[in-house]
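Me: I would like to go through a two-chain model and learn how to read its features one at a time. Where should we start?

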Amino acid sequence: MTPFRELDPLLHSQLRLAIMSVLISVDSAGFSYLREKTEATAGNLSVQIGKLKDAGYISVSKSFGESYPQTMCSITDLGRKKFAEYVAALGDYLKI
Amino acid sequence: MENEEKMMTGEESLSVITEMINKTRVSVTQSSFHLLFWGWLIFVCSLSEFILWKFVGWTNSWYVWFFVIPGTVVSLIYGFTRGKKEKVFTYGTSIYVWTWIAFLFASIVFFIVYPLETGSVAKYMLLMAAIPLFISGVILKFRPLMWGAGAFWFLALVAHFGGETVSGLAMPVAMIVGYLIPGYLLRKRGSHDTFQGA
């Protein structure tokens with residue numbers, strides 16, 4: 001019997017997993033877009049983005065639009081690898 | 001999603017992943033603006049060139065194509081200013097934008113090596129323009145654009161094998177079929193100049 005792979009605790013949190021799921025599907029996404037899709041509060045989203053950034057799972061860049069700063073997030077190679085491992089471990093866990 | 005450290009069951013995790021991926025779809029804003037802008041500009045230029053050459057007898061009727069230069073500037077400024085407001089860039093959006101920019105680069109090189117006064121360029125331009133049009137149709141899953149690209153290729157053959165009169169009308173007809181009709185359909189289907197594919 002194959003032992004269960006441990007689920008990455010950084011990803012096994014609802015909002016962080018939601019952020020990673022959005023970013024895995026796109027080239028880059030702005031803070032307001034992530035907020036709209038995850039329906040999270042700005043403060044909570046900001047904290048979770050910081051955790052994913054500190055872990056090297058995502059990269060964050062800031063640019064200036066017409067008159068306001070725009071924060072863009074994109075998934076890193078490490079983040080892509082960790083997300084794939086998480087999904088594989090989830091597959092084992094759910095036997096799918 | 002208010003609880004920042006909420007732990008989930010495996011089923012909940014799978015549900016979050018599925019929900020978020022489904023929410024993230026190819027979104028190409030501005031697409032109808034550029035199709036309609038270029039459709040009308042090229043339609044007017046190509047038809048004017050044909051009428052001035054055929055009925056007025058002006059041999060330098062190709063001068064009308066200089067209107068494409070300010071048109072390119074307007075299109076780039078519009079695209080750049082709108083692009084800075086984009087909240088997300090999907091892979092589809094990036095491919096869509098860069099395919100058209102690649103077409104712009106190819107067109108610049110083409111006009112350097114093949115100046116307008118050397119003769120009709122319609123067949124070559126239709127041949128090239130059909131490629132980003134077809135790819136746009138695939139990305140947006142919007143068949144009128146793909147049919148438009150098919151019409152471009154067919155009209156490139158018409159421009160090559162048809163007589164001078166038929167060749168002169170190939171470009172304005174192509175603009176109606178490939179840019180204007182799909183452009184208006186796209187604008188009707190999308191909301192606020194944004195169209196979402198699958």
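Reply: Start with burial in chain B: of its 198 residues, 42% are buried. Keep in mind throughout that this is a predicted model.

Me: How much of chain A counts as buried?

Reply: Chain A has 96 residues, and 50% of them count as buried.

Me: What is the accessible surface of each chain?

Reply: For chain A the accessible surface is about 4,800 Å², with 56% of it on carbon and sulfur atoms. For chain B the figure is about 10,600 Å², and carbon and sulfur atoms hold 72% of that.

Me: Which secondary structure elements does each chain have, and in what order?

Reply: Chain A contains 4 helices and 3 strands. Their order from the N terminus is α-β-α-α-β-β-α. Chain B contains 7 helices and 3 strands, and along its sequence the pattern reads α-β-α-α-β-α-α-α-α-β.

Me: What share of the contacts joins residues far along the sequence?

Reply: Take contacts with a separation of 6 or more, and ask what part of them links residues 24 or more positions apart. In chain A that part is 55%. In chain B it is 72%.

Me: Which residues of the largest nonpolar core touch the most other members?

Reply: That core has 34 residues, and those touching the most other members are Trp65(B), Leu126(B), Leu133(B), Phe152(B), Met171(B), Met175(B) and Tyr179(B). Two or more residues each come from H2, helix H4 (91–113), helix H5 (122–140), helix H6 (143–161) and helix H7 (164–189) of chain B. H5(B) supplies the largest share, 8 residues. There is also a second, separate core of 32 residues, which includes Leu15(A), Ile24(A), Leu34(A) and Tyr57(A).

Me: Take Phe37(B) as a single case. Is Phe37(B) buried or partly exposed, and why?

Reply: Phe37(B) counts as partly exposed because its relative accessible area is 24%, and buried would require under 20%. Phe37(B) sits in helix H2 (residues 31–56) of chain B.

Me: Which residues does Phe37(B) touch, leaving out those up to four places away in sequence?

Reply: Phe37(B) touches Gly71(B), Val74(B) and Ser75(B). Gly71(B) is 34 residues from Phe37(B) in sequence, and their C-alpha atoms are 8.4 Å apart.

Me: How is the size of an interface usually given?

Reply: It is often stated as the accessible area lost when the parts come together. Here chain A and chain B bury about 3,200 Å² between them, and 55% of that is on carbon and sulfur atoms. In terms of residues, 43 of chain A are in contact with 28 of chain B.

Me: How many salt bridges are counted between chain A and chain B?

Reply: Side chains of opposite charge can pair when their charged atoms come close. Between chain A and chain B, however, the count is 0 salt bridges. Over all chains the count is 2.

Me: Which residues form a salt bridge with an N to O distance of 3.2 Å, and where do they lie?

Reply: Lys81(A) and Glu85(A) form that salt bridge. Both residues lie in helix H4 (residues 77–94) of chain A, 4 residues apart, or about one turn of the helix. Lys81(A) is partly exposed, at a relative accessible area of 47%. Glu85(A) is also classed as partly exposed, at 36%.

Me: What is the partner of Glu36(A) in a salt bridge?

Reply: Glu36(A) pairs with Lys37(A), and their closest N and O atoms are 3.6 Å apart. Glu36(A) is partly exposed, with a relative accessible area of 39%. Lys37(A) counts as buried because its relative accessible area is 12%, and the limit for buried is under 20%.

Me: Where in chain B is confidence lowest, and where is it highest?

Reply: Where pLDDT is low, the predicted coordinates should not be read in detail. Chain B has an average pLDDT of 84, and 87% of its residues score at least 70. Confidence in chain B is lowest in strand S3 (residues 194–196), with a mean of 45, and highest in H6(B), at 94.

Me: Which stretch of chain B stays under 50 in pLDDT?

Reply: Residues 191–198 of chain B do. The model gives that stretch 29 contacts beyond four places in sequence.

Key. Residues are numbered from 1 along each chain as its sequence is written. Chains are lettered from A and ligands numbered from 1 in the order in which they are written. This is a predicted model: local features need pLDDT of at least 70, side-chain atom pairs count only at pLDDT 80 or more; totals for chains, interfaces and linings use all residues. Side-chain values use heavy atoms; hydrogens and water are left out. Buried means under 20% relative accessible area, exposed over 50%, partly exposed in between (1.4 Å probe, protein chains only). Contact means heavy atoms within 4.5 Å. Accessible areas come from the Shrake-Rupley method with a 1.4 Å probe; for residues, only the protein chains shown count as cover. A nonpolar core is a set of buried Ala, Val, Leu, Ile, Met, Phe, Trp, Tyr and Cys residues joined through side-chain atoms within 4.5 Å. pLDDT is the predictor's confidence in each residue, from 0 to 100. Buried area is the accessible area (1.4 Å probe) that two parts lose on being put together, summed over both. A salt bridge is a side-chain nitrogen of Lys or Arg within 4 Å of a carboxyl oxygen of Asp or Glu.
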